[in-house]
Amino acid sequence: MKKDDLLVLEITDLDSEGNGVGKAEGMAFFVKDAVIGDVVEAKIMKMKKSYGFARLMRLITPSPHRVEAVCPVAKQCGGCQLQAMSYEEQLRFKQEKVKNHLLRIGGFSEEELQMEPITGMEKPLHYRNKAQFPIGTGKDGEIITGFYAARSHRIIDYRSCHLGVAENEEILQQVTEWMQEAKVSAYDETTGRGLVRHVLTRYGFTTEEIMVCIIVNGDRLPKSELLVERLRKLPKMTSITMNINKERTNVILGREVRLLWGRSYIEDYIGDIRYQISPLSFFQVNPVQTEKLYGLALEYAQLTGEETVWDLYCGIGTISLFLAQKAKQVYGVEIIPQAIEDAKNNAKINNITNAEFFVGAAEDILPAYYRNYAEQHNGENAHADVIVVDPPRKGCDQKLLQTMLDMQPERIVYVSCDSATLARDLKILSQGGYKIERVRPVDQFPMTVHVETVCLLSRKHVDRYI
Ligand code: SAH
């Protein structure tokens with residue numbers, strides 16, 4: 001096999017970017033736009049030692065799971081990877097992906113893994129409460145906006161993204177019309193010139209409040225009163241701000257936010273907990289599924305009101321505040337100071353007094369707490385009934401996992417956005433005396449390859465086995 005050869009491939013899997021994977025002569029080939037179940041003719045573009053990349057030339061037999069993508073720019077856009085696959089098949093693929101990682105990387109057996117079926121969405125579109133649209137200049141000098149093409153910064157002029165809320169279209173219409181009218185330029189990242197870089201929108205699914213933040217390469221926004229005039233007419237417009245970002249960087253937001261009109265934040269709910277969300281705050285982008293995901297974490301934690309619980313990698317405290325309603329005391333740990341500020345504020349506005357938050361790396365804070373506790377209590381160990389972790393993709397630090405094992409909580413609830421690192425960490429915890437009780441994937445990001453998983457582990461009581 002060599003470059004430019006034609007192959008017939010049966011697509012049996014997807015890679016982490018959503019490309020189809022098929023095997024020929026023992027080698028894996030990655031094929032963009034192919035779907036599980038397709039039989040395709042593909043041309044080899046590049047060969048490596050044990051794998052290669054091939055271009056889809058012809059669908060010989062289309063997969064029974066193929067559907068028409070709802071979005072006309074689904075193929076070019078970098079946002080969705082799975083639109084051409086039916087939602088049922090997307091869910092099946094994600095369930096299998098988690099299971100295979102736990103079997104292969106975690107080394108667990110099928111019997112140990114009685115996985116619960118993935119929690120999907122009833123309507124898997126228009127679920128995102130946040131969108132960031134790049135602004136640019138088109139061929140004829142017109143203002144364009146939409147999304148970046150996959151792996152590039154070329155703007156696809158398309159405003160009705162099917163993952164976002166319908167309100168975005170009108171907001172973009174008003175912003176681009178205002179730019180034309182007030183002769184405000186779009187930022188050009190190749191020269192570093194021009195003013196408006198991005199438009200950030202946020203929408204409260206429960207409160208219906210709308211936020212618009214204009215990200216500007218400068219300190220002033222000329223004729224901003226005309227923009228405010230237009231935007232405030234939209235029903236439920238609550239917050240209009242500008243954010244200053246003069247750096248030549250891919251990072252979208254700068255540090256400074258100025259209020260143009262209304263409040264500096266919008267409010268929304270997850271379950272019964274109210275959150276104040278400002279342009280710089282982190283907030284889960286799919287509130288409907290987040291409530292299910294964290295509801296599951298709470299169910300797995302089995303709280304009665306007497307427990308001491310740690311929530312590590314707590315962000316703005318979403319899980320902590322959920323747990324605090326049912327626990328005696330919750331401790332949250334998060335590395336970003338601003339997120340901890342938000343967590344404390346969110347505790348306050350919900351009258352939650354049994355949650356305490358610490359800024360720092362979980363792998364520093366927990367071991368230090370454990371050591372200090374023993375020193376101050378004649379060698380007695382710090383106690384936790386439940387430890388919850390919700391780490392970023394790279395998973396938990398080894399040092400942290402060791403301290404968790406030392407503390408011997410009755411239960412560990414692991415919320416994961418990367419099932420490969422989840423499997424790696426669960427292997428360590430299971431070797432350290434914990435047993436997998438329940439595992440359930442949750443589809444937080446339909447149409448994309450991402451999948452979240454919640455897992456409950458319980459401590460094996462050694463004496464029972466002797
Ligand atoms: N449950 C949180 C989101 C967790 S996302 C919420 O709902 O808000 C993972 C979080 O881990 C992020 O907020 C990230 O800033 C934080 N983080 C990353 N590395 C960390 C570390 N070493 N120690 C503590 N927190 C960390």
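This report describes the surroundings of the ligand and the second largest pocket in a predicted model.

**The ligand and its shell**

The ligand is surrounded by 18 residues, of which Tyr294, Thr318, Glu334, Ala362 and Asp390 come nearest. By residue class, this shell divides into eleven nonpolar, four polar and three charged members. Polar contacts to the ligand are listed below, each with the kind of protein atom involved and the ligand atom that it faces.

| Residue | Protein atom | Ligand atom | Distance |
|---|---|---|---|
| Cysteine 314 | backbone N or O | oxygen | 3.5 Å |
| Glutamate 334 | polar side-chain atom | oxygen | 2.7 Å |
| Isoleucine 335 | polar backbone atom | nitrogen | 3.3 Å |

Taken alone, the ligand exposes 570 Å², and 87% of that area is buried by the protein. Among the elements of secondary structure, helix H5 (318–324) and helix H7 (362–376) are those that give two or more residues to the shell around the ligand. Glutamate 334, which reaches an oxygen atom of the ligand through its side chain, is also one of the residues that come nearest to the ligand.

**The second largest pocket**

The second largest pocket has a volume of about 950 Å³, and it is lined by 37 residues, with Glu17, Asn19, Lys32, Asp33 and Lys75 closest to its centre. Strand E3 (27–31) and strand E5 (51–61) are the elements that supply two or more residues to this lining, and E5 gives the most, with four residues. In terms of residue class, the lining of the second largest pocket comprises 21 nonpolar, seven polar and nine charged residues.

Terms used. Residues numbered from 1 in each chain as written. Predicted model: local features only at pLDDT ≥ 70, side-chain atom pairs only at ≥ 80, totals over all residues. Heavy atoms only, no water. Near = heavy atom within 4 Å. Polar contact = N/O pair within 3.5 Å; in protein donor to acceptor, adjacent residues only side chain to side chain. Areas by Shrake-Rupley, 256 points an atom, 1.4 Å probe, with all protein chains shown as cover. Nonpolar A, V, L, I, M, F, W, Y, C, P; charged D, E, K, R; others polar. 1 Å grid on protein atoms, 1.4 Å probe; cavity = no way out; pocket = protein on both sides within 12 Å on 5 of 7 lines; lining within 4 Å. Points joined across faces, edges and corners; volume = space filled by probe spheres on them.
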